[in-house]
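Me: I am new to this structure and would like a close look at a single part, namely the aromatic rings and what they pair with. Please take me through it carefully.

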Amino acid sequence: MELQSQLTHLSSYTSKILRKKFGRGPVSCQANLSGKYVFIYIRGFLSPMEEVMLEQDQTKQVRYARNVVMHQVLEELTGVVQVTLDVEVAEYYHDWNFPDNTGMLLFVLENEINQTGIQVPWDLGALEKEVSRISFVVEKEPDLTKVTPITQNTVIVLREGIFIPIEKALIAKGFIDELRYTKDELEKRHLHQSSVFKEIFKRDVLDIFVDWNMKDDRSFIGFVMK
């Protein structure tokens, strides 16, 4: 299959497996690929049970429950991505914006699929600098910050070496869920409050997603613009 057909297949399969596992599929699901990253943007996806729990202000419980189910979903999708694109998946990430009913799935491939970089008018250096600044305010400046445009409307930022000693100690003690939930709230608050991103992208930011690889001290931020 040509690349676009492969991405369409991944989008369709993702919708089907979400419907199977949660009882309701997303309104839309779009997969894009750049280099060694497969970014799947999901809109309109809440199960009936999750809707009731969110109405009762049980966001934390919904997040924990979804993480459990998504682990199975992502394990299955990893196999589908590998077979479809004929490349190994090194790791995966996911995050959800419950108020806007959107989500991100990110698969990091072992090798690049397409070598052509996306040409965008943004100042990538300024974007790296602002992400590093916010990381420093929340925890510490990353040892590495790298920006990769996925499409003209989507960009991801890799951060490595961001955990401070107390966070590493909590991870070692097994307090991963608690740390993840706390960092999610704290980092997103600072990311959404920054006006610099709108200046860099020259338009409004629609979604900001964040997820972490606690074991390897790595994180990805996904920006989706209008």
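Reply: A residue counts as buried when its relative accessible area is under 20%, as exposed when that area is over 50%, and as partly exposed in between. In this model, which is predicted, Phe201 has a relative accessible area of 3% and is therefore buried, and Phe223, at 0% relative accessibility, counts as buried as well. The rings of Phe201 and Phe223 have centres 5.7 Å apart and planes at 55 degrees, so their pair is described as tilted. Because Phe201 belongs to helix α7 (residues 196-201) and Phe223 to strand β8 (residues 218-225), this pair ties together parts that are 22 residues apart in sequence. Both rings also belong to a cluster, in which ring pairs link Trp122, Phe197, Phe201 and Phe223.

The structure holds ten aromatic pairs, and one of them joins Tyr92 and Phe107, whose ring centres lie 6.4 Å apart with planes at 65 degrees, so that this pair is edge-to-face. Tyr92 sits in strand β3 (residues 89-97) and Phe107 in strand β4 (residues 102-109), so the pair links distant parts of the chain, 15 residues apart. Of these partners, Tyr92 counts as partly exposed at 22% relative accessibility, whereas Phe107 is buried, with a relative accessible area of 0%.

Rings can also face a charge, and here Arg66 is the residue to look at: its charged end sits over the ring of Trp96, 4.3 Å from the centre, and Arg66 also lies over the face of Phe22, at 5.6 Å from that ring's centre.

Methods:
Residues are numbered from 1 along each chain as its sequence is written. This is a predicted model: local features need pLDDT of at least 70, side-chain atom pairs count only at pLDDT 80 or more; totals for chains, interfaces and linings use all residues. Side-chain values use heavy atoms; hydrogens and water are left out. Rings of Phe, Tyr and Trp (its six-membered ring) pair if their centres lie within 6.5 Å; planes under 30 degrees apart count as stacked, over 60 as edge-to-face and the rest as tilted. Helices (H or I, at least four residues) and strands (E, at least two) are DSSP runs, numbered from the N terminus. Buried means under 20% relative accessible area, exposed over 50%, partly exposed in between (1.4 Å probe, protein chains only). A charge sits over a ring if NZ of Lys or CZ of Arg is within 6 Å of the ring centre and within 35 degrees of the ring normal.
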